[in-house]
Amino acid sequence: MEKLAIDGGPKERTTPFPRRMPFGEREEALLLEAVRSQSLFGKNGTFIPEFEKRFAGFYGVNHAQSATSGTAAIHLAVGTVNPEPGDEIITAPITDPGSVMPILYQNAVPIFADVHPRTLNMTPESIEANITDRTRAIILVHLFGRPCDVDAVVKIAKKHDLVLIEDCSQAHATKYKGRYVGTFGHMGCFSLQQSKHMTTGDGGMTITNDEQTYIRLKLFSDKGWDYRYMGERDHGFLGPCYRTTELMGAVGLAQLEKVRQVVERRIALGRLLCALIADAPGVEAVPPEVDREVSWWNFIFHITGHDPDAFCKAVSAEGVPVGAHYIGDPIFLRGKYLTEQNTYGKSGCPFTCGVTSRDYRYGPELVPGAVAGLRTVAVRGIHEQMEERDIRDIGAAICKVAQGMAGKQATKG
């Protein structure tokens with residue numbers, strides 16, 4: 001049995017992994033064109049309207065509305081739902097706060113459906129179990145580039161007359177049963193933050209097929225006003241300002257041209273890595289289901305037969321950095337905005353303003369699947385600039401540590 005690097009043995013990988021480089025000459029050329037135009041105001045520009053048009057066309061929908069971030073894109077969607085204060089919106093317990101805080105921005109209440117402990121995606125059964133007479137919408141989060149069980153959730157939304165918002169921030173250009181996620185619900189939301197499959201540094205996009213929904217998205221993105229739909233300075237309702245610039249549009253156009261290639265490369269690399277670690281003792285890969293792609297925003301696997309922290313530390317010592325537990329706890333425990341109702345000043349709204357129908361308490365007992373999954377999950381970044389040899393080194397390091405730790409356990413036994 002080969003000695004592990006953490007015990008003084010040789011490292012499996014001695015050279016750095018290639019750096020992800022998402023931008024190239026096409027982005028540079030379009031950026032220069034935007035700057036030379038002497039106007040970077042996207043609302044009256046050419047790049048943002050063209051980016052929105054092509055983004056919608058890529059996904060085969062009628063409309064796309066840009067925003068300053070993925071969080072803003074989800075806020076546009078929630079603002080378009082226009083919930084009454086105290087209404088409930090179901091979302092995921094394993095996600096970024098960007099899937100949660102827009103709910104609170106509209107004085108609605110986030111409700112957390114549980115997840116499958118291996119895929120970490122929301123389960124249809126838990127979504128339906130959390131529906132009440134105050135539920136207005138579902139934010140379905142496709143985590144790590146793996147689509148949820150979309151068909152079942154669409155049926156639940158229709159059955160209960162709920163708005164379905166797909167959060168595709170980690171699942172750009174990813175297919176479920178041959179169709180891109182983000183196109184099944186009433187709205188699909190995308191983040192363009194630096195780590196995503198396609199990026200403009202930061203930014204977001206919300207797509208829809210419905211004309212009235214699009215008009216509301218457009219108005220909500222610019223303080224409740226747009227000269228194409230309303231009178232001069234006629235601000236119809238309370239709304240934020242999420243206008244985007246021509247710089248984002250220029251980079252976005254170049255990124256959109258290659259996002260499917262990026263996704264296809266990650267699909268292939270992730271499939272290879274799943275195969276390489278399939279027989280590693282005490283490790284469980286999460287291969288793709290037959291009816292959907294996995295575009296691996298990050299690669300995840302589970303450490304079921306070893307201490308996850310010790311395992312990841314040992315793999316990292318092999319020259320292959322791996323992290324344990326992802327966000328550590330369900331997202332509602334990661335901060336005080338829910339556990340201590342630290343929202344609007346000292347008011348505690350919407351929880352303490354007389355608009356809710358019941359008391360809300362957020363604890364780990366609400367989502368046992370999420371707690372179990374976070375206990376065992378390990379996360380390793382992969383990206384489109386990696387070669388097969390890089391993936392094989394990652395797989396070799398994981399297998400080496402799994403075999404080494406299993407050997408130690410057998411010796412102790």
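**Strand order, helix packing and buried positions**

Helix α2 lies across β1, β8 (187–191) and β9 (204–208), and its direction makes an angle of about 130 degrees with that of β1. The model described here is a predicted one. Helix α7, which spans residues 211–220, likewise lies across β1, β8 and β9, but runs at about 15 degrees to β1.

The strands beneath these helices belong to an open sheet of 7 strands with mixed pairing, in which the order is β1-β9-β8-β5-β4-β2-β3. The edges of the sheet are formed by β1 (63–67) and β3 (109–112), each of which has a single partner strand, so that one side of each is left without a neighbour in the sheet. From one strand to the next, the twist averages 25 degrees. In general, the strands of a sheet pair through backbone hydrogen bonds, in either a parallel or an antiparallel arrangement.

Although β1 stands at an edge of the sheet, the strand is mostly covered, with 5 of its 5 residues buried. This cover extends to both faces, since H63, Q65 and A67 on one side are buried, as are A64 and S66 on the other. The pairing of β1 with β9 is antiparallel and comprises 5 bridges, and within it S66 stands opposite M205 of β9. A parallel pairing is found elsewhere in the sheet, where strand β4 (residues 135–141) is joined to strand β5 (residues 163–167) over 5 bridges; here L140 is placed opposite E166 of β5.

A further set of paired strands is centred, for the purposes of this description, on β11. Strand β11 (residues 299–303) is largely enclosed by the rest of the structure, because 5 of its 5 residues are buried. The side chains of F299, F301 and I303 point one way from β11 and those of I300 and H302 the other way, and all of these residues are buried. Strand β10 (residues 283–285) pairs with β11 in the antiparallel sense over 3 bridges, with A285 opposite F301 of β11. Strand β13 (residues 377–380) also runs antiparallel to β11, to which it is joined by 4 bridges, and V379 of β13 is the bridge partner of I300.

Two loop positions illustrate contrasting degrees of exposure. V367 is located in the loop between α11 (336–339) and α12 (368–376), and, with a relative accessible area of 0%, this residue is classed as buried. When its neighbours within four places in sequence are left aside, V367 is in contact with P93, F112, A113, D114, P330 and F332. The C-alpha atoms of V367 and S126 are 9.1 Å apart in space, whereas the two residues are separated by 241 residues in sequence.

The other loop position, L40, lies between α1 (25–36) and α2 (47–59). L40 has a relative accessibility of 34% and therefore counts as partly exposed, given that this class lies between the limits of 20% for buried and 50% for exposed residues. Together with V35 and L247, L40 forms a nonpolar patch on the surface, and the accessible area of the three residues together is about 210 Å².

Key
Residues numbered from 1 in each chain as written. Predicted model: local features only at pLDDT ≥ 70, side-chain atom pairs only at ≥ 80, totals over all residues. Heavy atoms only, no water. Buried < 20%, exposed > 50% of the residue type's maximum accessible area, 1.4 Å probe, protein only. Pairing = 2+ DSSP bridges. Patch = residues over 30% accessible without salt bridge, like charges linked within 9 Å, V, L, I, M, F, W, Y side chains within 5 Å. Areas by Shrake-Rupley, 256 points an atom, 1.4 Å probe, with all protein chains shown as cover. Salt bridge = Lys/Arg side-chain N within 4 Å of Asp/Glu carboxyl O. Axes fitted to C-alpha atoms, helices over the stretch in contact; angles between N-to-C directions. Contact = heavy atoms within 4.5 Å.
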